[in-house]
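Colleague: I should like to learn how the features of a model such as this one are to be read. May we take them in turn, with the general idea before each case?

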Amino acid sequence: MANIVLLGAPGAGKGTQAALIKEKYSLPHISTGDIFRKNIREGTPLGVKVKAIIDKGELVPDELTIALVEDRLAQSDCEGGYILDGFPRTIAQAQALEGFSKVDMAIDIAVESEAVIKRIAGRRMCKCGETYHTSSYDREDCVKCGSKLYQRDDDREEVVRERLRVYEAQTKPLIDFYAERGLLHTVDGSGGVQATFELVCKVIDGNC
Ligand code: AP5
């Protein structure tokens with residue numbers, strides 16, 4: 001299949017689209033944010049190291065993140081392709097990735113900042129991995145497992161502002177990085193989840 005990188009601002013819908021791609025194309029979904037949050041929940045040494053950084057909306061150091069992704073991509077389930085969500089996030093990470101894997105396409109989910117702020121403000125999470133939005137789901141428990149939904153610590157307004165600043169300064173340059181390599185595909189992510197997914201599928205189907 002394909003090695004896919006998902007780009008986009010915080011809250012653009014990378015995780016939502018990655019879950020749908022995973023289902024339709026049977027590719028592993030690798031989210032560095034999810035890996036860090038799982039380690040924080042479980043109180044591992046990695047979790048302890050990254051918690052304060054993530055809570056401030058800053059980036060985890062490149063060396064640590066790169067080593068983690070290199071290890072993960074070496075696992076056998078990635079042999080037939082993968083979806084990277086939240087990595088790379090800096091030029092240094094993208095350059096390192098070129099050293100241990102070949103990216104087939106980078107899909108940028110383009111959404112205006114106003115919209116991503118609304119999406120993040122209404123996002124609710126479940127510990128089982130499901131993500132909801134208060135505009136379309138008004139219950140406080142997860143429909144899949146019944147657990148109580150919660151808001152991510154880094155979804156507080158002041159942290160979101162910092163995450164958007166970091167995105168503009170450090171992650172947005174990846175759009176040019178992948179465009180220069182002829183790998184960039186931009187999809188309009190301002191429509192609904194399914195409308196965006198149709199655009200994403202067109203890109204994947206046209207490039208596999
Ligand atoms: P990470 O978890 O990667 O956060 P992020 O990139 O900020 O992205 P989000 O998870 O906030 O948003 P998303 O684009 O996945 O949107 P979602 O689908 O949930 O990283 C968190 C932190 O970890 C970073 O700040 C950093 O500290 C650290 N980190 C992670 N990776 C790192 C790396 N490589 N290097 C260094 N540090 C790293 O959707 C958002 C909401 O909108 C949901 O409620 C959803 O239901 C809703 N929604 C989705 N799509 C639509 C749509 N089309 N229409 C309407 N609503 C929608």
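**Reading the features of the model**

Modeller: Let us start with a loop residue: P88 is found in the loop between β3 and α5. Please keep in mind that the model is predicted.

Colleague: Which residue does a cis peptide bond join to P88, and what is omega there?

Modeller: The general idea comes first. Most peptide bonds are trans. Here, F87 and P88 are joined by a cis peptide bond, with omega at about 0 degrees.

Colleague: The phi angle is a related matter. Which residue has a positive phi although it is not a glycine?

Modeller: Most residues other than glycine have a negative phi. In this model S26 has a positive phi of about 50 degrees, and S26 is not a glycine. S26 belongs to the loop between α1 and β2. A positive phi of about 65 degrees also occurs at G43, just after α2.

Colleague: Is S26 buried or exposed?

Modeller: The threshold for exposed is over 50% relative accessible area. S26 counts as exposed because its relative accessibility is 62%.

Colleague: How should I read the two sides of a helix? Which residues of α2 are buried?

Modeller: One asks in which directions the buried residues point from the helix axis. In α2 the buried residues are T32, G33, F36, R37 and N39. They cover an arc of only 160 degrees around the axis, and therefore they lie on the same side of α2.

Colleague: Which residues are exposed on the other side of α2?

Modeller: R41 and E42 are exposed there.

Colleague: Against which elements do the buried residues of α2 pack?

Modeller: Their partners are β2 (29–31), α3 (45–56), α4 (62–73) and β3 (82–85).

Colleague: Let us turn to the ligand. How many residues surround the ligand, and which are the closest?

Modeller: For this reading, a heavy atom of the residue must lie within 4 Å of the ligand. The ligand is surrounded by 34 residues, of which T16, E58, R89, R123 and R163 are the closest. By class, this shell has 10 nonpolar, 15 polar and nine charged residues.

Colleague: Which atoms of T16, T32 and V60 lie at short range from the ligand?

Modeller: For T16, a polar side-chain atom lies 2.5 Å from an oxygen atom of the ligand. For T32, a polar side-chain atom is 2.7 Å from a nitrogen atom of the ligand. For V60, a backbone N or O atom lies 3.1 Å from a nitrogen atom of the ligand. The protein covers 92% of the 1,000 Å² of accessible area that the ligand has on its own.

Colleague: Which elements give two or more residues to the shell around the ligand?

Modeller: They are α1 (14–25), α2 (32–42), β6 (131–133) and α9 (193–207). The largest share, four residues, comes from α2.

Colleague: V200 lies in α9. Is V200 buried or exposed?

Modeller: The threshold for buried is under 20% relative accessible area. V200 is buried because its relative accessible area is 0%. Apart from neighbours within four places in sequence, V200 is in contact with Q17, I21, I107 and V187.

Colleague: Where is S101 placed, and with which side chain does S101 make a polar contact?

Modeller: S101 sits in the loop between α5 (91–100) and β4 (105–110). A polar contact of 2.7 Å joins its side chain to that of Y82. S101 counts as buried because its relative accessibility is 17%. Leaving out residues up to four places away in sequence, S101 touches N3, L73 and Y82.

Colleague: Finally, how should separation in sequence be set beside separation in space? What are the two values for P173 and R89?

Modeller: The two values are read side by side for a pair of residues. P173 and R89 are 84 residues apart along the chain, and their C-alpha atoms are separated by 9.1 Å. For E23 and I66, the values are 43 residues in sequence and 26 Å in space, C-alpha to C-alpha. P173 lies in helix α8 (residues 173–180), and E23 lies in helix α1.

Colleague: Which of the terms buried, partly exposed and exposed applies to P173, and which to E23?

Modeller: P173 is partly exposed, with a relative accessible area of 32%. E23 is exposed, at 66%.

Notes:
Residues numbered from 1 in each chain as written. Predicted model: local features only at pLDDT ≥ 70, side-chain atom pairs only at ≥ 80, totals over all residues. Heavy atoms only, no water. Polar contact = N/O pair within 3.5 Å; in protein donor to acceptor, adjacent residues only side chain to side chain. Areas by Shrake-Rupley, 256 points an atom, 1.4 Å probe, with all protein chains shown as cover. Nonpolar A, V, L, I, M, F, W, Y, C, P; charged D, E, K, R; others polar. Buried < 20%, exposed > 50% of the residue type's maximum accessible area, 1.4 Å probe, protein only. Contact = heavy atoms within 4.5 Å.
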